[in-house]
Amino acid sequence: MATVNFRNMRLGAFIIIGTALLVTALYLIGNKQNLFGSTVRISAQFHNVNGLMRGNNVRFGGIDVGTVESVEIISDTSVNVVMVIEKNIQQFIKKNAIASVGTDGLMGNKLVNINSSVEDSPTVEEGDVLKSLKPIEMDEMVRTLNVTNENIKVISGNLRTITDKINSKNSLWSVLMDTVVAENVKSSLVNIRLMSNHAVSITGDLKGITYGMKNGKGSIGALITDTTLTSRINQTIVKLEMFSDTAAIISGDISGLVKDLKQGKGSMGVLLNDTTLVHNLNTSIKSIESAAGNFDQNMEALKYSWPFKKYYNKQKKTNSKK
Amino acid sequence: MKSKTLQIFLSETGDIGRFTYRFFVEAFKPRYEFSELLRQCFYIGYKSLPLVAITAFIMGLVITIQSRPTLVEFGAEGWLPKMVSVSLVREIAPVITALICAGKIGSGIGAELGSMKVTEQIDAMEVSGTNPFKYLIATRVMATTLMIPILGILADAVSLYGGYLGTNIHGVVSWNLYWNQVFDTLTFGDVVPSILKTFFFGFAIGIIGCYKGYNSNKGTEGVGRSANSAVVISSLLVFILDLLAVQITDLMRLT
C-alpha cells in the first residue's frame with residue numbers, strides 16, 4: 001500500500017508541475033496582452049490605418065503600454081481605433097497627445113505610437129479621443145522615392161561632367177595641385193594674419209583716441225568739443241582774411257618799391273645801384289674805425305685822470321659787492 | 001482483392017467507431033475504477049516523462065541550431081527565440097510527445113491487452129463479475145487522454161529550455177530576454193489550440209491501443225501484430241488529427 005501511495009504522490013507532483021507550467025504560461029501571455037489588470041480605453045480616429053489589426057501593440061514613448069482592441073470604420077473617411085492602455089500609464093498620457101500608425105521595424109507589425117505634445121494638458125481619461133497623425137503610406141513613399149531617384153540620376157550626370165572638367169588639364173585642378181601656389185597662399189595667409197593682428201591693435205588705439213576725443217581729452221578733443229573756440233576761430237579767420245588783404249596790398253606796394261629800387265629810382269635806389277658810393281662808404285667806415293680807436297684811448301686815459309677816478313673806483317666796489 | 005482491402009478497412013473503421021461509442025457509454029457510468037485510473041496515469045504519464053523530456057529537449061536544441069543559418073541570412077538573428085518558440089509550442093512539442101507516446105504507450109497497451117486477451121484473462125475477468133471494458137479499457141483511455149496534454153506542456157517547457165541553450169551556442173541571449181521574447185511572441189492562439197489537440201492525440205493513442213489489444217487473436221503471434229498495428233495506426237492518426245486541428249484553428253483565425 002505504501003508503494004501505491006508513493007506512486008500516487010509522484011503522479012500528483014507530475015500533474016501539478018504540468019498544470020502549474022500551463023497556468024504560468026497562460027498568465028504570462030495574458031499579461032502581455034493586457035487581459036488581466038486594470039486598463040483604460042482611449043480611441044483615435046485615422047484616415048487610413050495601413051492594415052492595423054486587433055491585438056497590435058500601442059506604444060507610448062517607445063514602450064509597449066497596451067494593445068489595439070478594435071478597428072472599425074465609422075465613416076467613409078475615418079476609422080476608429082480603440083486602444084486598451086495600462087492603468088498605471090494613464091497618468092503620463094495627456095489629452096493633447098497625438099496618435100499615429102507606425103511599423104515595428106521596416107517590415108514588422110503595425111502599431112500605434114502615442115507621442116506627447118509640448119504644451120501642458122490634463123491627463124487622458126476613459127473614452128477620450130486622441131488627435132491623430134496621417135500615417136506614412138508605403139505607396140506614397142515609394143512614389144516620392146521614384147521622383148527623388150530621377151532627380152539623383154540627373155544630378156549624378158551633372159556631377160560626372162563637372163568632375164570630368166575638373167580632372168582635365170588647364171583647369172582649376174592644376175592650380176589646386178601646384179605646390180608653389182599653395183606655399184604662396186600659406187605665406188600670404190600668415191601675412192594676412194599679422195596684418196589683421198596689427199589692424200586689431202590699431203583699431204584698439206583708435207577706439208581709445210576717439211573715446212578720449214569724445215570726452216574732450218587732448219587738444220583735438222578740446223578743439224572738437226569746445227564750442228566757444230569755433231566762434232573764436234571764425235573771428236580769427238575773419239581777421240586773417242583782413243590781414244591777408246592788407247598783406248596783399250603791402251606786397252603790391254613792396255613789389256612796386258622793389259621795381260623802383262631796381263631801376264635806381266629815389267635816393268635808396270641811387271644808393272643801392274651806385275658802385276662808387278660803396279667804395280666811398282668803405283673808406284669812410286675805415287676812418288670811422290680808426291677814429292673810434294683813438295676815442296677809446298682817450299677814454300681810458302680819462303678814467304685815470306683825477307676828476308673821474310673817484311667815480312670808477314666807486315663803481316668797481318658795487319660790482320664786487322654784488 | 002482491392003475491394004476486399006477496402007471492405008476490411010471500412011469494417012475496421014466501423015469497429016473502432018463502435019468501440020469508441022462503447023467507451024463513452026461505459027466510462028461515464030457510475031462505479032468508477034479510480035485507483036486503477038491513477039495506476040494507469042502513473043505508468044502512462046509519469047513513466048513516460050524522461051523519454052518525452054529528452055526527446056523534447058533535443059528537438060528544441062536542434063530546431064534552434066537548424067533555424068539559425070536561415071535567420072542569419074536575413075540578419076534576423078534576434079528573432080530566433082520568437083521563431084523557435086512559435087514552432088516548438090504550436091507544432092513540434094505536441095506532435096513529438098504524441099509520437100513518442102504512441103510508440104511507448106500504444107505498443108504497451110496493445111501488447112498488454114493482447115496477451116490478456118490471448119491468455120483469456122479478459123474472459124475470466126468477465127466471468128468473475130468485473131467489467132473488463134470498464135476496468136481495463138476505460139481507465140487506460142482516460143489515462144492517456146489526461147496524461148498526454150500534461151506531457152505536452154512539460155515537453156513545451158523542456159524544448160523551450162533546449163531552445164534557450166541553442167540560442168546561446170553562437171549568440172548571447174540572457175535568460176530573462178529569452179523568456180521575455182518567448183512570451184512576447186506567444187499568444188493564446190498559439191498555446192490553447194496546441195494544448196487542446198494533445199487531448200485528442202492522447203485519446204486516439206489510448207483508443208487505438210486498446211482496440212487493437214482487445215481485439216487481438218491468433219495466439220501469441222496476434223499479440224505482436226496488435227502491438228505493431230496499434231503503434232502504426234495511432235501514429236498515423238496523430239498526424240491526421242494534427243492536420244485537422246491546424247485547419248480548424250486556421251479557419252477560426254486563432255493563429
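Which residues are buried in α9(B)? They are Val223(B), Ser226(B), Ala227(B), Ala230(B), Val231(B), Ile233(B), Ser234(B), Leu237(B) and Val238(B). The model is predicted. This report starts from that helix, then turns to the two chains and their contact.

## Helix α9 of chain B

Helix α9 of chain B covers residues 219-251. Its cover comes from elsewhere in the chain: α4 (80-118) and α8 of chain B are among the elements over its buried residues. An α-helix has 3.6 residues a turn, so residues three or four places apart point the same way. The buried set includes Val223(B), Ala227(B) and Ala230(B). It also includes Ser226(B) and Ser234(B). After the helix comes Arg253(B). The phi of Arg253(B) is positive, near 55°.

Chain A also has a helix numbered α9, at residues 306-321. Is that helix buried or in the open? Of the 16 residues of α9(A), zero are buried, so the helix lies largely in the open.

The table sets out the length check for both helices, at 1.5 Å a residue.

| Helix | Residues | Number of residues | Expected span | Distance between end C-alpha atoms |
|---|---|---|---|---|
| α9(A) | 306-321 | 16 residues | 22 Å | 24 Å |
| α9(B) | 219-251 | 33 residues | 48 Å | 47 Å |

For α9(A), the end-to-end distance agrees with the expected span. The distance for α9(B) agrees with its expected span as well.

## Chain B as a whole

Chain B has nine helices and zero strands. Along the sequence the pattern reads α-α-α-α-α-α-α-α-α. Chain B has 255 residues, and 42% of them count as buried. Take the contacts in chain B with a separation of 6 or more: 89% are between residues 24 or more positions apart.

## Chain A and its barrel

Chain A has nine helices and seven strands. Of its 322 residues, 11% are buried. Among contacts between residues at least 6 apart in sequence, 56% join residues at least 24 apart.

How do the strands of chain A run? Seven strands form a closed barrel in the order β1-β4-β3-β2-β6-β5-β7, with mixed pairing. Neighbouring strands are turned by 35° against each other on average, direction ignored. Strands of a sheet pair through backbone hydrogen bonds, either parallel or antiparallel.

Strand β4 (residues 78-86) of chain A pairs with β3 (residues 63-75) in the antiparallel sense, over eight bridges. A hairpin of two residues joins β3(A) to β4(A). Ser70(A) stands opposite Val82(A) in β4(A). Ile73(A) stands opposite Val79(A), also in β4(A).

Strand β1 (residues 39-46) of chain A pairs with β4(A) too. This pairing is antiparallel and runs over eight bridges. Here Phe46(A) has Val79(A) of β4(A) as its bridge partner. Val79(A) thus has Phe46(A) as one partner and stands opposite Ile73(A) as well.

## Where the chains meet

How many residues does each chain bring to the contact? Chain B gives 17 residues and chain A gives 16 residues. On the side of chain B, the elements giving two or more residues are α2 (34-44), α6 (132-170), α7 (175-185) and α8 (188-214). The largest share, four residues, comes from α6(B). By class, this side of chain B has 14 nonpolar, two polar and one charged residues. Helix α8 of chain B has two roles here: it gives residues to the contact with chain A, and it helps to cover the buried residues of α9(B).

Note on methods: Residues are numbered from 1 along each chain as its sequence is written. Chains are lettered from A and ligands numbered from 1 in the order in which they are written. This is a predicted model: local features need pLDDT of at least 70, side-chain atom pairs count only at pLDDT 80 or more; totals for chains, interfaces and linings use all residues. Two residues are in contact if their C-beta atoms, placed from the backbone, lie within 7 Å. Ala, Val, Leu, Ile, Met, Phe, Trp, Tyr, Cys and Pro count as nonpolar, Asp, Glu, Lys and Arg as charged, and the others, Gly among them, as polar. A residue is buried if 20 or more other C-beta atoms lie within 10 Å of its own, exposed if 12 or fewer, and partly exposed in between; C-beta atoms are placed from the backbone. The expected span of a helix is 1.5 Å times one less than its number of residues. Two strands pair if DSSP finds at least two bridges between them. Axes are lines fitted to C-alpha atoms, for helices over the stretch in contact, and angles run from 0 to 180 degrees between N-to-C directions.
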